[in-house]
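Biologist: Please give me a close look at the salt bridges in this one, with enough of the surroundings to place them.

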Amino acid sequence: MALSEVESCDEDEGVESDEYMDLFAIQPRILMQLSQANEQGLTPFECAERSGVTCATITGLLDGLERDGLILRQPSLSDRCILSVHLTEKGHQLMSEMLPDHFCRTTGLMVQLTSEEKKTLIELQQKLQAGIPAMLEP
């Protein structure tokens, strides 16, 4: 990842074409990604890319999560010019409370699908996820 990509996450670009997205629905996704990240955490750019939003949007979302005490942004251990994002203890606690309910609801949602339909759904989701970068281009 180029440093210019990381730095662009800190620029004040404003919310672009993704204003229609329900940003509150993205916050749990960010927390889930961070809960699965290694001890190095994720960069703001990685959070944006994985969530399918612009760097400007992720900056605002991370601001809110940090204000709520759920995440911490700090210089990366490997390169202090790069920020890494980590869950705080409060963030880990929230995820441990949310995940069991999330998994139960997801299981209930998927129970009507056959094994073949689940396989097809996963393949389609992977294809859609691969196309996310096209949604971020101007």
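Modeller: Let's start with the long-range picture: of the contacts in the protein chain between residues at least 6 apart in sequence, 56% join residues at least 24 apart, a contact being heavy atoms within 4.5 Å. This is a predicted model, where local features need pLDDT of at least 70 and side-chain atom pairs count only at pLDDT 80 or more, while totals for chains, interfaces and linings use all residues. Residues are numbered from 1 along each chain as its sequence is written, and side-chain values use heavy atoms, with hydrogens and water left out.

As for confidence, pLDDT is the predictor's own score for each residue, from 0 to 100. The chain has a mean of 80, and 80% of its residues reach 70 or more. Residues 1-22 are another matter: pLDDT stays under 50 there, although the model has 32 contacts for them beyond four places in sequence. Where pLDDT is low, the predicted coordinates should not be read in detail.

Now the framework. The protein chain has seven helices and two strands, taken as DSSP runs numbered from the N terminus (helices are H or I, at least four residues; strands are E, at least two). From the N terminus on, the order is α-α-α-α-β-β-α-α-α.

On to your salt bridges. The rule asks for a side-chain nitrogen of Lys or Arg within 4 Å of a carboxyl oxygen of Asp or Glu, and by that rule there are three. Arg73 pairs with Asp63 at 2.4 Å, N to O. Because Arg73 sits in strand β1 (residues 71-75) and Asp63 in helix α4 (residues 55-67), this pair ties together parts ten residues apart in sequence. Arg73 also bridges to Glu66, with the closest N and O atoms 2.8 Å apart.

How covered are these side chains? I call a residue buried under 20% relative accessible area, exposed over 50% and partly exposed in between (1.4 Å probe, protein chains only). Arg73 is buried at 18%, while Asp63 is partly exposed at 31% and Glu66 is partly exposed at 30%.

The remaining bridge joins Arg105 to Asp101, at 2.8 Å from N to O. Both residues belong to helix α5 (residues 89-110), four residues apart, or about one turn of the helix. Arg105 is exposed at 59%, and Asp101 is partly exposed at 41%. Going back to the other two bridges, their shared partner joins Asp63, Glu66 and Arg73 into one network.

Helices α4 and α5 turn up again in the largest nonpolar core, which has 21 residues. Such a core is a set of buried Ala, Val, Leu, Ile, Met, Phe, Trp, Tyr and Cys residues joined through side-chain atoms within 4.5 Å. The residues with the most contacts inside this core include Ile30, Ile58, Leu62, Leu65 and Ile71. The elements giving two or more residues to the core are α2 (23-36), α3 (44-51), α4, β2 (83-87) and α5. Beyond its neighbours within four places in sequence, Ile30 touches Ser51, Ile58, Leu61, Leu62 and Leu65.

One last check on links: there are zero disulfides, meaning pairs of cysteine sulfur atoms within 2.5 Å. Cys55 is buried at 10%, whereas Cys81 is exposed at 60%.
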